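Biologist: I am new to this structure. Can you take me through it step by step?

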Amino acid sequence: MPLAKQAPEPAGDPQQARAALGRLRAEVGKVVVGQDAVVSGMVIALLARGHVLLEGVPGVAKTLLVRTVAAALDLDTKRVQFTPDLMPGDVTGSLIFDARTAEFQFREGPVFTNLLLADEINRTPPKTQASLLEVMEERQVSVEGRARPLPDPFLVAATQNPIEYEGTYPLPEAQLDRFLLKLTVPLPTRDEELGVLRAHHQGFDPRQLRDAGVRPVATAADLAAARAAVQQVSVADGVLAYVVDLCRATRVSPSLELGASPRGATALLAAAKAWSWLTGRDYVTPDDVKALARPTLRHRVRLRAEAELEGVTADAVLDSVLATVPTPR
């Protein structure tokens, strides 16, 4: 089993790293059609050392997206199909008795990779879902009192179907809060879908990305340099206060029984810094915060039952919050 690639120490030119990540977005766009916002969200999560929850109906290229990002970054990736009978050890790894040495040996699970695709994560019981909590937060696996660190970079991209609830286990709030972004993967437009059909008609095979022309255009070193540059992005006190005010406003919204936590505020700040750097600036603007507010907070708030019955959505509540909280100048 090949070892996942470890990122080198942060080094290199930030401008070159930004150009490399721009090429990454373009390379993924070769085969993942019409999902520019979702691709950008994946890059933001990589820059901010976060994880992504992808929500969309089957067949909108969620799996292909993760595989293509890994291929364009030349990173290791593994996929786990979450099912009702999946056990925690099937995800993190377990101790196996070796008869030759008469000792227990740790067999690494699929989490020991760079990009982990947790497919249909809401189809497995809470016990197995919880096995990812330490993985996502601490980036390590603890077995028999020993912590085993995961490779760097490491990202969990989990998928779930928004319309099918039979036989599923909704993710608990603590689990949802570990995802930096919740990205909705929309259906393509008519022209985009025509482009997909033409590509398949001409022989495109999503299982053979190399044959489709996908090549590594950025490296772990570029990602490390980019992360170091994102840390240097400046944030004015007024923008910091704006992030706090947005999150506090969700806690008093009459449509919500649970607002965004302080972790949500730090996540929004991290995502806004990554986006501002990716777009060529070394400072965060209120518009950066607004652009990332929905994907960063939509899964961290919980609607009241009566609001759900009236058809209110988390995004609609966040739109109202963004419209009422004063924007700093």
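Modeller: One definition comes before the sheet: two strands pair if DSSP finds at least two bridges between them. Keep in mind that this is a predicted model.

Biologist: In what order do the five strands of the open sheet stand?
Modeller: Five strands make up this open sheet. Their pairing is parallel. The order is 2-5-8-1-9.

Biologist: Which strands stand at the edges of the sheet?
Modeller: An edge strand here has a single partner strand, so one side of it is left without a neighbour in the sheet. Two strands fit that description: strand 2 (77-81) and strand 9 (181-184).

Biologist: What does the twist average from one strand to the next?
Modeller: The five strands follow the order 2-5-8-1-9. From one strand to the next along that order, the twist averages 20°.

Biologist: How many bridges join strand 1 to strand 8?
Modeller: Strand 1 covers residues 52-55 and runs parallel to strand 8. Leu-54 stands opposite Thr-159 of strand 8. The bridges joining strand 1 to strand 8 number four.

Biologist: Which residue of strand 8 stands opposite Leu-116?
Modeller: Strand 5 (residues 115-119) runs parallel to strand 8, and four bridges join them. Leu-115 stands opposite Leu-155. Opposite Leu-116 stands Val-156.

Biologist: Are the residues of strand 8 buried or exposed?
Modeller: Strand 8 spans residues 155-160. Leu-155, Ala-157 and Thr-159 point one way, while Val-156, Ala-158 and Gln-160 point the other way. Buried means under 20% relative accessible area. On both sides, all of these residues are buried.

Biologist: Which peptide bond is cis?
Modeller: Most peptide bonds are trans. Look at the loop between strand 7 (146-149) and strand 8, where Pro-153 is found. The bond leading into this proline has omega near 5°. The cis bond runs from Asp-152 to Pro-153.

Biologist: At what angle do the axes of helix 8 and helix 10 cross?
Modeller: Two packed helices are described by the angle between their axes and the distance between the axes. For helix 8 (residues 220-231) and helix 10 (residues 262-278), the axes come within 9 Å. Their crossing angle is roughly 110°. That makes helix 8, relative to helix 10, roughly perpendicular.

Biologist: How many nonpolar residues does the contact of helix 8 with helix 10 have?
Modeller: Helix 8 contributes Ala-226, Ala-229, Val-230 and Gln-231, and helix 10 contributes Lys-273, Ala-274 and Trp-277. By class, one residue is polar and one is charged. The nonpolar residues number five.

Biologist: What is the phi of Ala-61?
Modeller: Most residues other than glycine have a negative phi. Ala-61 lies in the loop between strand 1 and helix 3 (62-73). Ala-61 is partly exposed, with a relative accessible area of 27%. Its phi is positive, about 75°.

Biologist: Where is Asp-74 found?
Modeller: Asp-74 also has a positive phi, near 55°. Asp-74 is partly exposed, with a relative accessible area of 37%. Asp-74 is found in the loop between helix 3 and strand 2.

Biologist: Which residues is Pro-216 in contact with, leaving aside its neighbours within four places in sequence?
Modeller: Pro-216 lies in the loop between helix 7 (190-201) and helix 8. At 35% relative accessibility, Pro-216 counts as partly exposed. Its contacts, those neighbours aside, are Ala-71, Ala-72, Asp-74 and Arg-210.

Definitions and conventions. Residues are numbered from 1 along each chain as its sequence is written. This is a predicted model: local features need pLDDT of at least 70, side-chain atom pairs count only at pLDDT 80 or more; totals for chains, interfaces and linings use all residues. Side-chain values use heavy atoms; hydrogens and water are left out. Buried means under 20% relative accessible area, exposed over 50%, partly exposed in between (1.4 Å probe, protein chains only). Axes are lines fitted to C-alpha atoms, for helices over the stretch in contact, and angles run from 0 to 180 degrees between N-to-C directions. Angles under 35 degrees count as roughly parallel, over 145 as roughly antiparallel, 65 to 115 as roughly perpendicular and the rest as oblique. Contact means heavy atoms within 4.5 Å. Ala, Val, Leu, Ile, Met, Phe, Trp, Tyr, Cys and Pro count as nonpolar, Asp, Glu, Lys and Arg as charged, and the others, Gly among them, as polar.
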